[in-house]
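Dear colleague,

Please find below the structure that I agreed to pass on to you. My findings follow directly after it.

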Amino acid sequence: MESLDYGPLGVELKRNVKDAWWREIVTGRDDVVGLDAAVIMHPRVWEASGHVAGFTDPLVDCKSCKQRFRADHVQGPRCPECGGELTEARRFNLMFKTFVGPVEDTAHVAFLRPETAQSMFVNFRNVLETSRLKLPFGIAQVGRSFRNEITPGNFLFRTREFEQMELEFFVRPGEDDHWYDYWRQARFEWYASLGIERERLRLRPHAPDELAHYAKACVDVEYAFPFGWSELEGIANRTDFDLKRHSEHSGKDLTYFDEERRERYVPYVIEPAAGADRSTLAFLVDAYDEDQVEGEARIVLRLHPRLAPYKAAVFPLLRKDGQPERARRIYDALRKHFSVDYDQAGSIGRRYRRQDEVGTPFGITIDHDTMKDGTVTLRDRDATTQVRVPEDRLVEELRARIETPAA
Ligand code: ATP
């Protein structure tokens with residue numbers, strides 16, 4: 001069984017993606033609140049949501065090479081690997097099963113959540129009663145989900161455990177079309193504002209036969225991966241389906257009293273559902289570039305500064321004349337504000353290249369002049385230009401540059 005783990009830089013990149021999403025969706029708005037709910041919920045939740053009965057993929061087996069495929073990923077009637085004959089499609093439930101407590105019988109079966117969304121519906125009443133929110137408002141969550149995927153692959157694109165970034169935005173019935181349009185544009189722009197090339201992004205509306213039975217409309221944000229256009233995020237108008245189902249199964253009233261309209265109803269919900277790992281992969285792939293600097297080939301990750309694992313790297317030009325000590329002091333001061341690297345090994349050119357390769361947007365070099373006038377050079381990864389900046393203005397300078405949205 002394969003698994004994909006994030007190393008020291010990958011974990012920073014993914015955290016930055018999740019933080020950027022949280023800031024955009026939760027802390028940057030006054031109409032959305034966050035939630036952090038359990039992975040193992042009561043099994044009845046998954047009956048109410050329809051996952052026990054319907055969260056399945058069609059599965060086919062090759063009779064010759066025994067490999068398994070998702071029927072909807074296979075073109076034509078034969079095995080894509082060996083050309084062998086395929087079995088009839090069978091429905092396969094993607095939820096991971098486990099048992100709660102010491103007794104492993106059907107009465108104690110539980111599931112690992114296959115999406116984070118249901119906990120927002122289950123907590124709808126709690127959030128409504130403990131906040132002073134009025135429609136329209138949203139509940140958002142970032143967290144791990146689990147699916148027993150038949151064909152994981154394409155690196156982080158499809159794995160069996162992954163992190164989702166989901167928003168359930170509750171609206172008045174009748175205002176749902178407006179909010180669906182709003183979120184579809186907003187979500188597209190989010191990827192572009194963090195540097196993804198617009199030509200490599202598109203919104204693909206679902207055809208009527210692709211739509212889930214409960215959804216009024218659905219659109220995918222897709223990215224042109226090296227393996228083809230593929231989904232980063234789905235935005236759906238789920239109507240009042242989920243709250244009604246949970247209300248029916250739990251017997252709890254999940255209606256909302258609209259004081260302005262003096263009426264009671266079940267809100268509609270617009271759901272932008274994104275994947276932290278898929279978007280991390282897209283940001284990474286999109287940032288990769290090779291160019292020439294002063295006649296030399298270099299590899300550069302043009303990550304948006306907000307996503308870059310290190311915001312800056314500090315280098316003493318020479319390993320003498322007090323430069324390393326001065327550089328170390330600057331590094332320690334900057335570390336209180338940003339994630340920063342320190343490097344004094346090898347030529348300055350080599351050190352720049354190393355940082356270019358991991359996407360560090362700014363290089364700060366302490367040289368002979370620093371010792372005289374307290375200025376350092378600030379190098380830009382993309383333009384490779386350098387300006388001199390007083391060391392006591394570095395925090396401000398870096399902050400302004402990190403916050404600039406992509407063009
Ligand atoms: P797919 O059709 O690719 O299986 P989906 O339409 O079932 O995806 P959703 O249920 O809409 O996916 O989940 C929302 C988001 O969660 C997806 O857009 C994706 O970013 C992420 N996601 C879903 N499944 C996986 C997975 N197996 N690995 C990584 N990310 C995933």
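In which sense, right-handed or left-handed, does H1 pass H6? The crossing of H1 over H6 is right-handed. Please note that the model is a predicted one, and that the remarks below should be read accordingly.

**Helix H1 and its two partners**

Helix H6 covers residues 176-193, and its axis lies 12 Å from that of H1, at an angle of about 145 degrees. On the H1 side, the residues that meet H6 are Val17, Ala20, Trp21, Glu24 and Ile25; on the H6 side they are Trp183, Arg187 and Trp190. Sorted by class, this contact holds 6 nonpolar and 2 charged residues, with no polar ones.

The second partner is helix H8. H1 (residues 8-27) and H8 (residues 276-287) have axes 9 Å apart and pack at an angle of about 110 degrees. An angle of 65 to 115 degrees counts as roughly perpendicular, so H1 is roughly perpendicular to H8. Here too the crossing is described as right-handed, with H1 passing H8. H1 contributes Leu13, Lys14, Val17 and Lys18 to the contact, while H8 contributes Ala276, Asp277, Ser279, Thr280, Phe283 and Leu284. These residues divide into 5 nonpolar, 2 polar and 3 charged. Val17 of H1 thus appears in the contact with H8 and also in the contact with H6.

**Helix H8**

H8 has 12 residues, which at 1.5 Å a residue should span 16 Å; the C-alpha atoms at its ends are 16 Å apart, so the two values agree. Because 10 of its 12 residues are buried, H8 is largely enclosed by the rest of the structure. The buried residues are Ala276, Asp277, Arg278, Ser279, Thr280, Leu281, Ala282, Phe283, Asp286 and Ala287.

**The chain as a whole**

The protein chain contains 12 helices and 21 strands. Along the principal axes, its C-alpha atoms fill a box of roughly 75 × 65 × 50 Å. Of the 407 residues in the chain, 49% are buried. Among contacts with a separation of 6 or more, 65% join residues that are 24 or more positions apart.

**Loop residues and backbone geometry**

Several loop positions may be of interest to you.

- Proline 136 sits in the loop between helix H5 (124-130) and strand S7 (137-146). The peptide bond that leads to proline 136 from leucine 135 is cis, with omega near -5 degrees.
- Glutamate 294 lies in the loop between strand S15 (288-293) and strand S16 (296-301). Its phi is near 45 degrees, a positive value in a residue other than glycine. With a relative accessible area of 81%, glutamate 294 is exposed.
- Threonine 384 belongs to the loop between strand S20 (375-380) and strand S21 (386-390). Phi is positive for threonine 384 as well, near 55 degrees. Its relative accessibility of 27% makes threonine 384 partly exposed.
- Glycine 83 is placed in the loop between strand S3 (68-70) and strand S4 (90-93). Glycine 83 is partly exposed, at a relative accessible area of 34%. Its C-alpha atom is separated by 8.6 Å from that of serine 64, and the two residues are 19 residues apart along the chain.

With kind regards

Methods:
Residues are numbered from 1 along each chain as its sequence is written. This is a predicted model: local features need pLDDT of at least 70, side-chain atom pairs count only at pLDDT 80 or more; totals for chains, interfaces and linings use all residues. Side-chain values use heavy atoms; hydrogens and water are left out. Axes are lines fitted to C-alpha atoms, for helices over the stretch in contact, and angles run from 0 to 180 degrees between N-to-C directions. Helices (H or I, at least four residues) and strands (E, at least two) are DSSP runs, numbered from the N terminus. Angles under 35 degrees count as roughly parallel, over 145 as roughly antiparallel, 65 to 115 as roughly perpendicular and the rest as oblique. A crossing is left-handed if the near helix is turned anticlockwise from the far one by less than a right angle, and right-handed if clockwise. Contact means heavy atoms within 4.5 Å. Ala, Val, Leu, Ile, Met, Phe, Trp, Tyr, Cys and Pro count as nonpolar, Asp, Glu, Lys and Arg as charged, and the others, Gly among them, as polar. The expected span of a helix is 1.5 Å times one less than its number of residues. Buried means under 20% relative accessible area, exposed over 50%, partly exposed in between (1.4 Å probe, protein chains only).
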